[in-house]
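Work through the exercises below with the sequence and the model side by side, and try each task before you read its solution.

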Amino acid sequence: MDQGLLDQALAILGDTLDARGLRYEVVAIGGSGLMLLGLIARPTKDLDVVALVESGELVSAQPFPTPLSDSVADVGRLLDLDERWLNPGPTELLRFGLPEGFEARLGARRYGGLTLHLAGRFDQIHFKLYAAADQATTSKHFADLRALDPTEEELLAAARWSQTHDPSEGFRQELVRVLVALGMDDADARA
Amino acid sequence: MPALSDRLQEGALELAWSLWAELGVSGWRRRHVSHAIDPEPLILFTAFLGDTDPRLRDEATDWCIGYGRYVSAVRLRNLLSKALPEERRAFGPFAATINAHSTLRWPGSTDPRQYQRTGRARIPDFARPSLVVLRCRALFGVGARAEILRTYLSDSSSSLSAADLAHVVGYTKRNVADALEALKMGGLLEVIPQRNQLRYRSARTSELADLVGDLPGDFPNWRSIFRILETMLSTARRTEGLNPSVRGVEAARALHELTDDMRLAGLKAPPFADAGEAWARFESWAVVTTEAWASAAV
């Protein structure tokens with residue numbers, strides 16, 4: 001999906017939910033979220049939902065409520081997209097803890113019956129660093145992270161948060177490798 | 001131009017009238033003289049159309065009261081269990097009205113409507129080719145046995161398992177297995193073990209055909225055809241006034257839900273090359289399909 005197609009899919013999903021008398025608020029992260037913010041341009045496969053918003057609280061999006069997953073699949077069929085083009089992918093992030101102040105940095109977009117909350121750039125740096133350390137510097141996550149052009153302070157904050165999710169020494173070594181690849185030569189001492 | 005729902009409804013009524021005319025209901029041109037009529041799906045479909053044509057509803061009710069002994073309550077129940085919710089709801093008063101004016105005990109009945117019998121629906125016998133299903137029932141009894149035999153009459157080369165047949169005839173697998181065993185014992189069918197399954201085929205096709213008499217040229221899968229029509233009509237009604245994109249989504253959903261029925265009815269879905277044109281394509285496909293069925297062109 002490019003940005004135009006993703007925007008179209010979200011608009012049609014919002015109108016469809018509205019027509020079906022449904023209302024959902026979802027919180028999205030990942031590459032498609034970055035694309036919607038105009039921070040990267042690469043085509044993506046799906047839009048990852050980390051949480052639903054219910055009564056102002058973030059709750060697990062796993063599994064999607066059936067009327068929502070049905071509507072997503074219906075829109076996918078119309079636009080020839082995967083039936084799970086919007087999916088509750090990385091909801092374990094919610095269980096292990098989102099970065100401090102995450103909710104305050106969300107940006108909302110309204111599409112009919114769908115409210116899409118997009119994670120801000122600072123939080124996306126956290127998620128992308130965590131994913132890049134997990135999947136090496138050749139991954140799309142590393143490329144996205146580089147495209148975000150993070151400062152050293154942002155990377156260090158992201159590194160600290162990432163280690164709360166995986167405190168193992170092996171993960172730390174991978175993290176350091178990614179930080180060095182991003183130009184932080186003294187990462188081993190600071191992360 | 002009239003709304004899509006009006007155009008589809010008109011075609012659906014035309015089709016229903018033509019099929020009821022085959023069954024002996026007066027006042028309409030018979031177009032389906034060479035199509036085997038399947039009563040239970042037609043009754044459910046007529047109930048679904050309900051008040052859109054009170055005369056059709058009342059004439060069909062009249063026929064059901066007069067000839068309901070040739071209609072299977074068991075098959076109605078089985079078909080109802082897989083029916084759309086709107087169809088089930090609509091069948092309640094239809095069945096209740098028939099039960100109230102006869103000794104029949106049709107399933108799914110709710111409250112009867114006001115109804116005065118006309119007694120106009122009359123047919124001297126089931127000799128018409130299109131009435132082969134009723135003729136089989138008159139000869140072999142109302143039950144799975146008659147439905148199995150008409151299935152083999154429609155395609156004498158069929159080799160089917162009890163599960164295949166249960167799906168086709170609308171009876172439970174157990175009913176069908178019992179009937180198959182009896183027909184095998186009677187010499188009309190033969191059994192071929194295939195891997196871990198028993199498959200049945202006609203053993204005396206020509207004798208059976210001679211006994212049953214004139215056959216129609218086509219044995220349409222009316223259950224699937226009516227389900228497609230009902231879904232198209234429901235989709236058109238439900239989405240009236242919505243924007244074309246949302247109507248396109250609903251069309252895509254309807255077609256997805258109808259995948260099996262379209263295969264069984266030998267129908268191809270319209271291609272959706274462009275999402276913006278999806279609704280327009282669905283609309284013209286639905287109209288052409290309905291008109292073709294109503295005019296007996298397919």
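Three exercises follow, each with a worked solution.

This is a predicted model, in which local features need pLDDT of at least 70 and side-chain atom pairs count only at pLDDT 80 or more, while totals for chains, interfaces and linings use all residues. Residues are numbered from 1 along each chain as its sequence is written, and chains are lettered from A and ligands numbered from 1 in the order in which they are written.

**Exercise 1.** Find how many residues each chain brings to the contact between chain A and chain B.

*Solution.* Count residues in contact (C-beta atoms, placed from the backbone, within 7 Å): chain A gives 9 residues and chain B gives 12 residues. Next, look for the helices (DSSP runs of H or I, at least four residues): α1 (3-19) and α3 (66-79) of chain A each supply at least two residues of the side that touches chain B. The largest share of that side, 5 residues, comes from α3(A).

**Exercise 2.** Describe how helix α7 and helix α8 of chain B pack.

*Solution.* Two packed helices are described by the angle between their axes and the distance between the axes. Here α7 (residues 144-154) and α8 (residues 162-169) of chain B pack at about 100°, with axes 10 Å apart. The two helices are therefore roughly perpendicular (65 to 115 degrees). Finally, locate the residues that meet: B:A144, B:E147, B:I148 and B:T151 in α7(B) face B:L165, B:V168 and B:V169 in α8(B).

**Exercise 3.** Determine in which sense β2 and β3 of chain B pair.

*Solution.* Strands (DSSP runs of E, at least two residues) pair if DSSP finds at least two bridges between them. Strand β2 (residues 189-194) of chain B pairs with β3(B) in the antiparallel sense over 6 bridges, and B:E190 stands opposite B:R201. The two strands form a hairpin with 2 residues between them, and B:R195 in the turn has a positive phi of about 50°.

How values were computed. Two residues are in contact if their C-beta atoms, placed from the backbone, lie within 7 Å. Axes are lines fitted to C-alpha atoms, for helices over the stretch in contact, and angles run from 0 to 180 degrees between N-to-C directions. Angles under 35 degrees count as roughly parallel, over 145 as roughly antiparallel, 65 to 115 as roughly perpendicular and the rest as oblique.
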